[in-house]
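User: I would like a close look at one part of this protein, namely its salt bridges and the surroundings to which they belong. Please give a single connected account.

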Amino acid sequence: MPGPLTADLEVAQLLADHHKHVVGDLHWRTDDAGGHDFVAPVRSTTGELVVRGQRCPAAGSLRFALVLRGVGRILALDLGHTHLGPDGRSTGELHLHRWQPGHRDRLAETPTPHHPADLHAAWQLFCRLARLTHDGQLSDPPPAQETLL
């Protein structure tokens, strides 16, 4: 794992890179907790990245995250739950985690627009904030399974 200064420099370069892109369609899988997720490689000239989507229908939450292998999450867009910052202030249900030296991804801010209309608008917002292009489609999640009893 890189040291803090090396990681901060690498992350800053990755976040500034406008040439990151995901190729191909993204398909949600049902996870063990009854939610949905996907993981896809991100093509980049400067680092090994993946993008991960997570959706929990029961909690009404959605997250798209950009992850640098060996370092962790460097950018994430969260919807459906608030974030309590180190200063005790709470964000809205839509917030962005962006890597910051000394704080990693622990701080959150409210991006604009304040509330995407749907899952696809949230994905487009995430891609814009992450400076990421997607050459493909984001599929709709599988339908929720009915309760058996």
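With which side chain does that of Glu 48 meet in a salt bridge?

Analyst: In this predicted model, the side chain of Glu 48 meets that of Arg 69 in a salt bridge, with an N to O distance of 3.4 Å. Glu 48 lies in the loop between S3 and S4 and Arg 69 in the loop between S5 and S6, so the pair ties together parts of the chain that are 21 residues apart in sequence. Both ends are open to the surroundings by the accessibility criterion: Glu 48 counts as exposed at 54% relative accessibility, and Arg 69 is exposed at 51%.

This pair belongs to a wider set, since a search of the whole structure finds 4 salt bridges. Another of them joins Arg 63 to Asp 78, whose closest N and O atoms are 2.5 Å apart. Here the partners sit in strands: Arg 63 is in S5 and Asp 78 in S6, so this bridge ties together parts 15 residues apart in sequence. Arg 63 is partly exposed, with a relative accessible area of 25%, whereas Asp 78 is buried, at 0%.

A further bridge is formed by the side chains of Arg 52 and Asp 37, at 3.6 Å from N to O. Arg 52 belongs to strand S4 and Asp 37 to strand S3, and the two are 15 residues apart. Arg 52 is partly exposed, with a relative accessible area of 33%, while Asp 37 is buried, at 10%. Arg 52 and Asp 37 are also linked with Arg 29 in a network of salt bridges.

The strands that carry these charged residues also contribute to the nonpolar interior. The largest nonpolar core has 34 residues, and those with the most contacts inside it include Val 51, Phe 64, Leu 66, Ile 74 and Trp 123. S3, S4, S5 and S6 are among the elements that each supply at least two residues of this core. Helix H2 gives the most, with 8 residues. Within the core, Ile 74 touches residues including Val 11, Leu 49, Leu 66 and His 97, when residues up to four places away in sequence are not counted. His 97 lies in strand S7 and is buried, with a relative accessible area of 3%; its side chain makes a polar contact of 3.4 Å with that of His 95.

Strand S3 is further connected to H2 through an aromatic pair. The ring centres of Phe 38 and Trp 123 are 5.9 Å apart and their planes meet at 80°, so the pair is edge-to-face. Phe 38 is in S3 and Trp 123 in H2, 85 residues apart, and both are buried. These two residues form one aromatic cluster with Trp 28, Phe 64 and Phe 126.

Trp 123 also has a polar partner, as its side chain is joined to that of His 134 by a polar contact of 3.2 Å. His 134 is found in strand S9 and is buried, with a relative accessible area of 17%. A polar atom of the His 134 side chain lies 2.7 Å from the backbone oxygen of Gly 24. The C-alpha atoms of His 134 and Val 22 are separated by 4.7 Å, although the two residues are 112 residues apart along the chain.

Methods. Residues are numbered from 1 along each chain as its sequence is written. This is a predicted model: local features need pLDDT of at least 70, side-chain atom pairs count only at pLDDT 80 or more; totals for chains, interfaces and linings use all residues. Side-chain values use heavy atoms; hydrogens and water are left out. Rings of Phe, Tyr and Trp (its six-membered ring) pair if their centres lie within 6.5 Å; planes under 30 degrees apart count as stacked, over 60 as edge-to-face and the rest as tilted. Helices (H or I, at least four residues) and strands (E, at least two) are DSSP runs, numbered from the N terminus. Buried means under 20% relative accessible area, exposed over 50%, partly exposed in between (1.4 Å probe, protein chains only). A polar contact is a pair of N or O atoms within 3.5 Å; within protein, one must be able to donate a hydrogen and the other to accept it, and residues adjacent in sequence count only if both atoms are side-chain atoms. A nonpolar core is a set of buried Ala, Val, Leu, Ile, Met, Phe, Trp, Tyr and Cys residues joined through side-chain atoms within 4.5 Å. Contact means heavy atoms within 4.5 Å.
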